[in-house]
Amino acid sequence: MSRPILEVIALTAQDAQAAESGGADRLELVTDMAADGLTPSVADFAAIRAAVRVPLRVMLRIRDGFAPGDLDELLARVAALRAEGAEEFVFGFLSADGAVDLAATTAVAAAVEGCRWTFHRALDHSVDRAAVRAAVGELPGLDTFLTSGAAAGVETGLGVLLGELAKSGAPGYRQGILVGGGLRAGHVPQLRAAGFDAFHVGGAVRGNGWTSPVEAARVAEWRALVDA
């Protein structure tokens, strides 16, 4: 059995190197965590790509919230990132009423054809999780849902996570579940015992919130925790 996935949010090459050193399997690349994570610049992606060997999933979101914003601008950024070597992505969009924006999500999925991608925590803010999963579940390249089970985080969403794990293999539930969003160390033993095998952390591996860098020692602690 392969070891559990530990994905760490990185904003800089320094973050990326610390995360890799501490044992992260994959990085989610973002900028501007005040807006809950937006698309990094091509230059920042290139610097991080040059600094580490682990896979990188690049956030595709150009404004705060879960609407796509200017789709042409977003698609242009996708093209520039792919030209620079980006191969994995994170995205997913909702309409104003909380339903999946399937047109925008499908357009971006087409733009990253041949790449693997994660549908991010827009799922947790939707009005109907099952409908979102059904709508996007067969889009090419989608291999992961990043979710805490609820907008409020893992503590609230644990029951939902367990229910969705039980549906693994059904339409809309064939993708892996990457648990993240309010994830604390104390949640991990129960999640591992239940069968979850992928975890996503950001602030938990920093000493003083998003203004401080990722610390390799904190990543190593999480590595040991998810492997236990």
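A polar contact is a pair of N or O atoms within 3.5 Å; within protein, one must be able to donate a hydrogen and the other to accept it. Keep that in mind for the first stop. The model on screen is predicted.

**Stop 1: arginine 223**

Select arginine 223. You are in helix H8, residues 216-227. Is this arginine buried or exposed? Its relative accessible area is 7%. Buried means under 20%, so arginine 223 is buried.

Now display the side chain of arginine 223 and select proline 4. The side chain reaches the backbone oxygen of proline 4 at 2.7 Å. That distance is within the 3.5 Å of a polar contact.

Widen the selection around arginine 223. Leaving out residues up to four places away in sequence, arginine 223 touches Arg3, Pro4 and Leu6. Gly22, Gly23 and Asp25 are also among the residues it touches.

**Stop 2: helices H1 and H2**

Select residues 13-22 for helix H1 and residues 42-51 for helix H2. The axes of H1 and H2 are 9 Å apart. The two helices pack at an angle of about 30°. Angles under 35 degrees count as roughly parallel, so H1 and H2 are roughly parallel to each other. H1 passes H2 in a right-handed crossing.

Next, show the side chains where they meet. From H1, pick Ala13, Ala16, Gln17 and Glu20. From H2, pick Ala47, Ile48 and Ala51. Colour the residues of this contact by character: five are nonpolar, one is polar and one is charged.

**Stop 3: the loop before H2**

Step back from H2 into the loop between strand E2 (26-29) and H2. Aspartate 32 is found here. Aspartate 36 lies in the loop between E2 and H2 too.

Check the backbone angles. Most residues other than glycine have a negative phi. What is the phi of aspartate 32? It is positive, about 55°, although aspartate 32 is not a glycine. Aspartate 36 also has a positive phi, of about 70°, and is not a glycine.

Then turn on the surface. Aspartate 32 has a relative accessible area of 36%, so it is partly exposed. For aspartate 36 the value is 44%, and this residue is partly exposed as well.

**Stop 4: helices H3 and H4**

Select residues 71-84 for helix H3 and residues 102-111 for helix H4. Their axes come within 10 Å and cross at roughly 20°. H3 and H4 are therefore roughly parallel to each other. Look at the handedness: H3 passes H4 in a right-handed crossing.

Which residues make the contact? On H3, select Leu71, Leu74, Leu75, Val78 and Arg82. On H4, select Ala104, Ala107, Val108 and Ala111. The contact of H3 with H4 has eight nonpolar residues, no polar ones and one charged.

**Stop 5: arginine 129**

Finish at arginine 129, in helix H5 (residues 129-136). With a relative accessible area of 14%, arginine 129 is buried.

Which residue's side chain is joined to that of arginine 129 by a polar contact of 2.6 Å? Select aspartate 124: the contact runs between the two side chains.

Now list the contacts of arginine 129, leaving aside neighbours within four places in sequence. Leu123 and Asp124 are among them. So are Thr147, Gly149, Ala150, Val160 and Glu164.

Last, draw a distance between C-alpha atoms, from arginine 129 to glycine 98. These residues are 31 residues apart along the chain. Their C-alpha atoms are separated by 9.9 Å.

Notes:
Residues numbered from 1 in each chain as written. Predicted model: local features only at pLDDT ≥ 70, side-chain atom pairs only at ≥ 80, totals over all residues. Heavy atoms only, no water. Helix = DSSP H or I, 4+ residues; strand = E, 2+ residues; numbered from the N terminus. Buried < 20%, exposed > 50% of the residue type's maximum accessible area, 1.4 Å probe, protein only. Contact = heavy atoms within 4.5 Å. Axes fitted to C-alpha atoms, helices over the stretch in contact; angles between N-to-C directions. Parallel < 35°, antiparallel > 145°, perpendicular 65-115°, else oblique. Left-handed = near helix turned anticlockwise from the far one by under 90°. Nonpolar A, V, L, I, M, F, W, Y, C, P; charged D, E, K, R; others polar.
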